[in-house]
Amino acid sequence: MSEALEAVRFEDGSLQYLDQRFLPAEIRYERARTCDEIVDAIVSLAVRGAPCIGVFAAYGIAVLRAGERDDRAFAAAAARVRSARPTAVNLAWAVDRVLAAEDMTREAIAVHEEQRSIDAAIAGNGMPLFAKGARVLTHCNTGPIATGGYGTALGVLIAAQRAGLAPHVIVDETRPLLQGARLTYLECLRAGIDATLQVDGAAAMAMARGRVDAVIVGADRIARNGDTANKIGTYGLAVLAAHHSIPLYVAAPRSTFDFTIASGAEIPIEERAASEVTSFGGRQVAPEGARVFNPAFDVTPGHLVAAFVTEYGVLRPPYAESIATLAGRPHWSAIRSVEGSRA
Ligand code: MRU
């Protein structure tokens, strides 16, 4: 079909984002100028996906700094952006990085540019995991609009499609907000990927019937032991995949690894409004006052992950060792500049 959608644009100091809530029906860009507008875009999931939230917030901090002379007011605004969503560690990582820089705008642009080259490296490292024509199940949305670059888990599959490997992507609809149905299926169409949409509850049946060769998902935060927070439903998929001896891969940049936490028990899990579950497409689907449990993410134990695909390579168990090695790797920009000087 056509090329990838662009999640975040920054031109002449103006920050614009694709409002993902309107997809797939409408491609609508909005401008974010104020702290309220930046925070609202993140909280409402107009801008979403762990790396993309980081890229957007990086620009947001630069925009706020340019418009705020008062240091205390700026610090308060930056703290609000940093904590807009709690689970994806990329958000705090990107905000801290830009805050520490002398030229915040330049740093935000660097965060965005690096995301593209990181995504490209993840795609290159992940592709060999899949045979030609592999049937690969994915959950939530991890394509270009989830990173501001080329995508992580779905980025691997888009690259596989470009390389002629013709993957078949099985798209979990991803209740309650349908990131799979609305966003992943759309990105598959735009990339020319053959895809099948299914309700989340169909995964067990699909695996039992031999329709799934592998699972690949993204991540919002990964602990030192490989425990992985990702969209609610991922843990269930991982258990199912293990039961059916199907490998489950997690594709994520180094910025999604939280080297300060030993296990997933320390990952804060965002709980969202009951209305996301009690209504559907603007229509009430549960009795008035229904009590709801609506965690946005769950934690998959590291032992259920066959491998992590990162920009630095594929990490295999034991994760305590391979993730510690990742922690010690030089910053991506340093690696890129060494490669550039060799070229
Ligand atoms: O609530 P969302 O839509 O931001 O959740 C997104 C996910 O869970 C993604 O899998 C994750 O952020 C990785 S995006 C490359």
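Which residue forms a salt bridge with E276? Keep that in mind while you take in the whole fold; this is a predicted model.

**Stop 1: the whole chain**

Show the cartoon. You should find 13 helices and 15 strands in the protein. Turn the C-alpha trace along its principal axes: the spans are about 60 × 60 × 40 Å. The radius of gyration is 19 Å, which agrees with the value near 20 Å for a compact globule of 343 residues.

Now look at contacts between residues at least 6 apart in sequence. Of these, 73% join residues at least 24 apart.

**Stop 2: surface and burial**

Switch on the surface. The protein exposes about 14,800 Å², and carbon and sulfur atoms supply 52% of that area. Buried residues make up 53% of the 343 residues.

Colour by charge next. There are 34 positive and 38 negative charges, and their mean positions lie 3 Å apart.

**Stop 3: E276 and R272**

Side chains of opposite charge can pair when their charged atoms come close. The structure holds 14 salt bridges. Begin with the pair from the opening question.

Select E276 and R272. R272 is the salt-bridge partner of E276, with the closest N and O atoms 2.7 Å apart. E276 counts as buried because its relative accessibility is 13%, under the 20% cut-off. R272 is buried too, at 17%. Add R85 and E270 to the selection. Salt bridges with shared partners link R85, E270, R272 and E276 into one network.

**Stop 4: R97 and E114**

Select R97 and E114. Their side chains form a salt bridge, 2.8 Å from N to O. R97 sits in helix 4 (residues 89-99) and E114 in helix 5 (residues 104-126), so the pair ties together parts that are 17 residues apart in sequence. Are these two side chains on a buried or an exposed residue each? R97 is buried, with a relative accessible area of 14%. E114 is buried as well, at 11% relative accessibility.

**Stop 5: R65 and D71**

Finish with R65 and D71. Here the side chains meet in a salt bridge at 3.1 Å, N to O. Check each partner against the surface. R65 counts as partly exposed, at 25% relative accessibility. D71 counts as exposed because its 51% relative accessibility is over the 50% cut-off.

Methods. Residues numbered from 1 in each chain as written. Predicted model: local features only at pLDDT ≥ 70, side-chain atom pairs only at ≥ 80, totals over all residues. Heavy atoms only, no water. Helix = DSSP H or I, 4+ residues; strand = E, 2+ residues; numbered from the N terminus. Rg over C-alpha atoms; globule rule 2.2 N^0.38 Å. Buried < 20%, exposed > 50% of the residue type's maximum accessible area, 1.4 Å probe, protein only. Contact = heavy atoms within 4.5 Å. Areas by Shrake-Rupley, 256 points an atom, 1.4 Å probe, with all protein chains shown as cover. Lys, Arg positive; Asp, Glu negative; His and termini not counted. Charge placed at Lys NZ, Arg CZ, Asp CG, Glu CD. Salt bridge = Lys/Arg side-chain N within 4 Å of Asp/Glu carboxyl O.
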